[in-house]
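Visitor: I'm new to this structure and would like a close look at one part of it. Could you pick a starting point and walk me outward from there?

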Amino acid sequence: MAAGVVVVGGGQAGFQTASSLRAEGYDGPIRLIGEEPQAPYQRPPLSKAFVLGKQDPSRLLLRPESFYKDHDIQLLTGERAISIDRSGGWVGLASGQQFAYDALVLALGARNRTLSIPGAGLDGVCYLRTLAEAAALKGRLESARDVVVIGGGFIGLEIAASARTLGKTVTVLEAFPRLMARVVAPVVSEYFRAAHAARGVEVTLSALVQEIRGTDTVKEVILASGSAVPADMVVVGIGVLPNVELASEAGLAVAGVPPHGISVDEFLRTNDERIFAIGDCAEYHNVFAGQRVRLESVQNAVDQATCVARTIAGKPAPYHSAPWFWSDQFDIRLQMVGLPAGHDRLVVRGSVEDGKFSVFYFNGDRLCAVDSVNRPADHLAARKMIAAGISPTPDQAADESINLKTL
Amino acid sequence: MPKIIYISHQGQTTQIDVPVGDSVMEGAVQNGIDGIVAECGGSCLCATCHVYVDEKFLPLLPPIGDDQDAMLDSTAADRLPNSRLSCQISVRPELDGLIVRMPETQK
């Protein structure tokens, strides 16, 4: 009898793998192993609708519990995989259970990078990735007045927007000279800085956080400049570390720009032909960027899961999806497609002043990425162009009389 | 609770009581209707919860926003005048009996 597929990781990628395997007609056993106590749920609303009290936990579930029974997927929650026996072809769990596999999918996700400055362990220092962390953060927010967010990336800025919407005094401390510096163009960074400031968020750039002070609970955040920012709570959003240990301890290759991801080929297969890695923990050659990347996004998780499911179901095709991302902050929707690596020219379409614009990144003549602010039609057109390898000229990109859909 | 009637591309009809305030997408996903995928979880970002709304209910729906309009241009199945993203239809008492038909494919 077939051992079937074991999927380790109960996040978006793990869920989608199990779901897509059935949709692709795979009829062997499927086991989905997740560390968290809940069935797989959506993480994106945690920083937004959930902390604002607009979406309760039952509505976060990707599917109801009955879905797993109905599709003959064995869902194991609250279980952690601790070892892989590659020659024997089985996975060992912390609880002592062992599951044999024909194919193993590692959708291990990532964990938050933690602060290592004095005071980082004080009560009131919060992180956000899991529902449990989101619930703790939401509870804290109810009684907090002064909220300090360390990190001006997507998570930090989304939390800042939510906290400000709840009427809190909010300060964002960003170490780089601009917001979301890793992922958007300078004009977009500046637009968001001004937009947050206009809505009452204090944004401090080039802020080096030296210490968090308090007795048991946080009281203030001290910067290298010497200034002190009052804080009833501190939210830390300074990036993630991919969970690769289960793979590396089993001798699977990990590589890439540090922090390393689990290395996979175009079929998302590791150096063991029966083991795949997908989502936040995997690094692969991205054809759009022309380099190896590790991406943290819903799109990457879903599309890689779908790709792996097809391969396991006997319909292999290389992974070839254009990366896209989004972030909602206040009433502003930021959408990105492609990867800006290697760009040498930026072109703006639309009006930055009116808060409706897109930034087109060109690498020579080739369109490699587009950031859109409240311009969903540009984003969708760009998704299609980048996926199809079509590039407008920079002049066409800037000219609003030209309909991008017709290119 | 308002009843929403989901008709699969193959013609199978399922009637579901959906709480007021939930979306038509959520009503499907939380009740195991497979023809609606909803990859992005209802953020109007992926166009995999596309439905064809029964004509007589169209006047009761809110106008199509810019986001939805852009997404509807990239549905996997053809966009028709009664195409909507089901994540953008919030269930209200007036929508009791709403009929939505699912397209052949969402991806």
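**Starting from one lysine**

Guide: Let's begin with B:Lys3, which sits in strand S1 of chain B, the run of residues 3-7. Keep in mind as we go that this is a predicted model. B:Lys3 has 15 other C-beta atoms within 10 Å, so it counts as partly exposed; being buried would take 20 or more. Setting aside the neighbours within four places in sequence, B:Lys3 is in contact with B:Gln15, B:Ile16 and B:Asp17, and also with B:Asp96 and B:Gly97. There is another pairing to look at: B:Lys3 and B:Val91 are 88 residues apart along the chain, yet their C-alpha atoms are separated by 9.3 Å.

Staying in chain B, look next at B:Ala47, in the loop that runs between H1 and strand S3 (50-53). Its phi is near 60 degrees, a positive value in a residue other than glycine. B:Ala47 has 25 C-beta neighbours inside 10 Å, so this alanine counts as buried.

Now for the place where the chains meet. Chain B puts 15 residues into the contact, and chain A puts in 16 residues. On chain B's side, helix H1 (24-29) and helix H2 (66-72) each supply at least two residues. H2(B) gives the most, with four residues. Sort chain B's side by class and you get five nonpolar, five polar and five charged residues.

Cross over to chain A, and you'll find it divided into domain 1 (5-111 + 240-312), domain 2 (114-236) and domain 3 (331-406). Six residues of domain 1 of chain A are in contact with five residues of domain 3 of chain A. The domain 1 side of that contact has three nonpolar residues, three polar ones and no charged ones. From C-alpha centre to C-alpha centre, domain 1 of chain A and domain 3 of chain A lie 31 Å apart.

For a helix to look at in chain A, try H3, residues 131-143. With 13 residues at 1.5 Å a residue, H3(A) should span 18 Å, and its end C-alpha atoms are 19 Å apart, which agrees. Its buried residues are A:Ala134, A:Leu137, A:Arg140 and A:Leu141. Look down the axis of H3(A) and those buried residues fall within an arc of 125 degrees, so they line one face of the helix. On the other side of H3(A), you'll see A:Ala132, A:Gly139, A:Glu142 and A:Ser143, which are exposed. The buried residues of H3(A) pack against three elements of chain A: strand S9 (125-126), helix H4 (154-165) and strand S16 (233-236).

From there, let's turn to the nonpolar core. In soluble globular proteins, nonpolar side chains tend to be buried together. Here the largest nonpolar core has 155 residues, and A:Leu106, A:Val234 and A:Ile278 have the most contacts inside it. Helix H7 of chain A, residues 298-312, provides the largest share of this core, eight residues.

Zoom in on A:Val234. Beyond its neighbours within four places in sequence, A:Val234 is in contact with A:Gly124, A:Val125, A:Cys126, A:Val148, A:Ile150, A:Ile212, A:Val218 and A:Val221. One of those, A:Val148, is worth a visit: you'll find it in strand S10 of chain A, residues 146-150. A:Val148 has 29 C-beta neighbours inside 10 Å, so it counts as buried. Apart from its neighbours within four places in sequence, A:Val148 is in contact with A:Thr171, A:Leu173, A:Val221, A:Val229, A:Ala231 and A:Val234.

Our next stop is A:Pro259, which is 111 residues from A:Val148 in sequence and 26 Å from it in space, C-alpha to C-alpha. You'll see A:Pro259 in the loop between strand S18 (254-255) and strand S19 (261-263) of chain A. A cis peptide bond joins A:Pro258 and A:Pro259, with omega at about -5 degrees.

We'll finish at A:Leu268, in the loop between S19 and strand S20 (275-277) of chain A. Phi of A:Leu268 is near 65 degrees, a positive value in a residue other than glycine. With 22 C-beta neighbours inside 10 Å, A:Leu268 counts as buried.

Definitions and conventions. Residues numbered from 1 in each chain as written. Chains lettered and ligands numbered in written order. Predicted model: local features only at pLDDT ≥ 70, side-chain atom pairs only at ≥ 80, totals over all residues. Contact = placed C-beta atoms within 7 Å. Nonpolar A, V, L, I, M, F, W, Y, C, P; charged D, E, K, R; others polar. Expected span 1.5 Å × (residues − 1). Buried ≥ 20, exposed ≤ 12 C-beta atoms within 10 Å, placed from the backbone. Arc of directions from axis to C-beta. Domains from an automatic or database assignment. Core = buried A, V, L, I, M, F, W, Y, C linked by C-beta atoms within 7 Å.
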